[in-house]
Amino acid sequence: MTKALNEAKALLSERDRFLILSHRRPDGDTVGSSAALCLALRALGKQADILENPQLTPRYAPYWQGLTRTDVPEDACIISVDVAAPDMLLPGAEHLADRIELCLDHHETNPGYAGINCIAPDYAAAGDLIYELLQFMELPLDKTMAEALYLAVSTDTGGFRHANTDAHAFLVAAACCAAGADIFPMNRSLFAVKSPARIRLESELGASIRFFSGGKIALCTLSIATMQRLGATEDDADDLSNYPRSIEGVELGILIRELAGNVGKLSLRAGDGFNAAELCAALGGGGHRAAAGASIPGGIEAAEEAILRVLRDAGVEL
C-alpha cells in the first residue's frame with residue numbers, strides 16, 4: 001500500500017482544489033473519514049469541500065458543518081471516501097464516477113475504479129486509512145479531526161465489538177484520544193442511548209425473525225410502512241443490521257429493509273462460518289467478509305427469495 005499512499009500524497013500535494021464524495025445512505029465511517037480528510041486539506045491551505053449528501057441524517061450532520069457545498073467546481077480534484085463501487089456514490093453524483101482521481105476505501109470488493117486507488121481491505125474502517133494517509137503526510141491531528149476519525153473507526157467496528165476490530169483500530173482510537181477527542185459523549189450518543197422509536201423498531205424486528213439452519217441463520221424484515229407507523233427516522237434505524245446477528249447461536253444475520261422504489265436492501269452480518277461479501281457479490285452487492293449488502297429490485301419478498309437461493313446454491317441447508 002506504500003506505493004498507493006505515495007501516489008495519493010503526491011496528488012494531494014500538487015492540486016489545490018478538492019471535492020470529496022461520500023456513499024449513499026452515509027454512515028459514520030464515510031462521514032467521519034470525509035470530514036477528517038477535508039479538514040486536513042484545509043489545514044494545508046487547500047480549497048477542500050465535501051459534496052452535500054441529501055441522505056445525511058441529523059445524527060451525523062454536525063461533523064460536516066461548514067464543510068459542504070452543493071456545486072461541483074470544474075477544476076476540482078474529485079476524491080471518493082469509503083465508496084466501495086461507483087454505483088454506491090451519493091444520489092446525484094453518479095455522473096462524476098469517471099472524474100474520480102483518488103479512491104480511499106477499505107472494502108475488499110472494491111474494483112479499483114479511480115485514477116489512483118488506495119484500498120486497504122485489512123483495515124476495519126476507511127478512517128484507519130485516512131489516519132495512515134495523514135500520518136504519511138506528517139499532518140498532526142487536531143481535536144476536530146480526531147473526533148471525526150473516532151466517529152469513523154468506532155462506528156464501523158460497532159463500538160470496537162465487531163470481528164473487524166484489531167490493534168490498528170485501537171491505535172487510531174488512542175491517537176484520537178491523545179489529540180483531544182472527547183469520546184465519552186460520543187460513545188454514549190452512538191452506542192448507549194436509544195430513542196423510543198428505536199426500541200419499538202427492535203421489537204418489530206424481533207417479531208419478524210425467522211430462523212434457518214437450526215438457528216444459525218436469522219432473517220428479519222422492516223417495511224417502509226412500519227417505519228412510518230412508528231414515526232422512526234433513519235437515525236433510529238442506524239446500525240439495525242447488527243440486530244439479528246446479536247441473537248445467541250446466530251452465525252449469519254440477515255436484515256431486509258424495504259426502500260423507496262420497491263427495493264429490498266439486504267444487510268448481512270456474518271460469523272466465521274459464512275462470507276457475507278461472497279454471498280452479496282452473487283447478487284451484485286459487496287462489502288466485507290463479516291458485513292456486506294446488496295439491493296434487490298422487487299422489495300422485501302424478492303430480496304428474501306434471492307438471498308435464500310444464493311445460500312442454497314452455496315450448499316447451505318435451510
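Me: In S12 of this predicted model, which residue is the bridge partner of Lys265?

Reply: Strand S10, covering residues 263–270, is joined by 7 bridges to strand S12, covering residues 291–297, and the two run antiparallel. Within that pairing, the bridge partner of Lys265 in S12 is Ser295.

Me: How many residues lie between S11 and S12 in the hairpin that they form?

Reply: Strand S11, residues 286–287, pairs with S12 in the antiparallel sense over 2 bridges, and Gly286 stands opposite Gly293 in S12. The two strands form a hairpin, and the number of residues between them is 3.

Me: Why is one side of S3 and of S6 left without a neighbour in the sheet?

Reply: The open sheet has 6 strands, with parallel pairing, in the order S3-S2-S1-S4-S5-S6. Strand S2, residues 47–51, pairs with S3 over 2 bridges, and Ile50 stands opposite Thr68 in S3. Strands S3 (68–69) and S6 (116–119) are left with a free side because each stands at an edge, with a single partner strand.

Me: At about what angle does helix H1 run to S6?

Reply: Helix H1, residues 2–14, lies across strands S1, S4, S5 and S6. Helix H3, residues 126–136, also packs on the sheet, where its direction makes about 115° with that of S5. For H1 relative to S6, the angle is about 125°.

Me: How many residues does the largest nonpolar core have?

Reply: Among the residues with the most contacts inside this core are Leu12, Ile79 and Ile130, and Ile79 touches residues including Leu12, Phe18 and Leu104. A second, separate core of 25 residues includes Cys280 and Val310, whereas the residue count of the largest core is 54.

Definitions and conventions
Residues are numbered from 1 along each chain as its sequence is written. This is a predicted model: local features need pLDDT of at least 70, side-chain atom pairs count only at pLDDT 80 or more; totals for chains, interfaces and linings use all residues. Side-chain values use heavy atoms; hydrogens and water are left out. A nonpolar core is a set of buried Ala, Val, Leu, Ile, Met, Phe, Trp, Tyr and Cys residues joined through side-chain atoms within 4.5 Å. Buried means under 20% relative accessible area, exposed over 50%, partly exposed in between (1.4 Å probe, protein chains only). Contact means heavy atoms within 4.5 Å. Two strands pair if DSSP finds at least two bridges between them. Helices (H or I, at least four residues) and strands (E, at least two) are DSSP runs, numbered from the N terminus. Axes are lines fitted to C-alpha atoms, for helices over the stretch in contact, and angles run from 0 to 180 degrees between N-to-C directions. Lists of a residue's contacts leave out its neighbours within four places in sequence.
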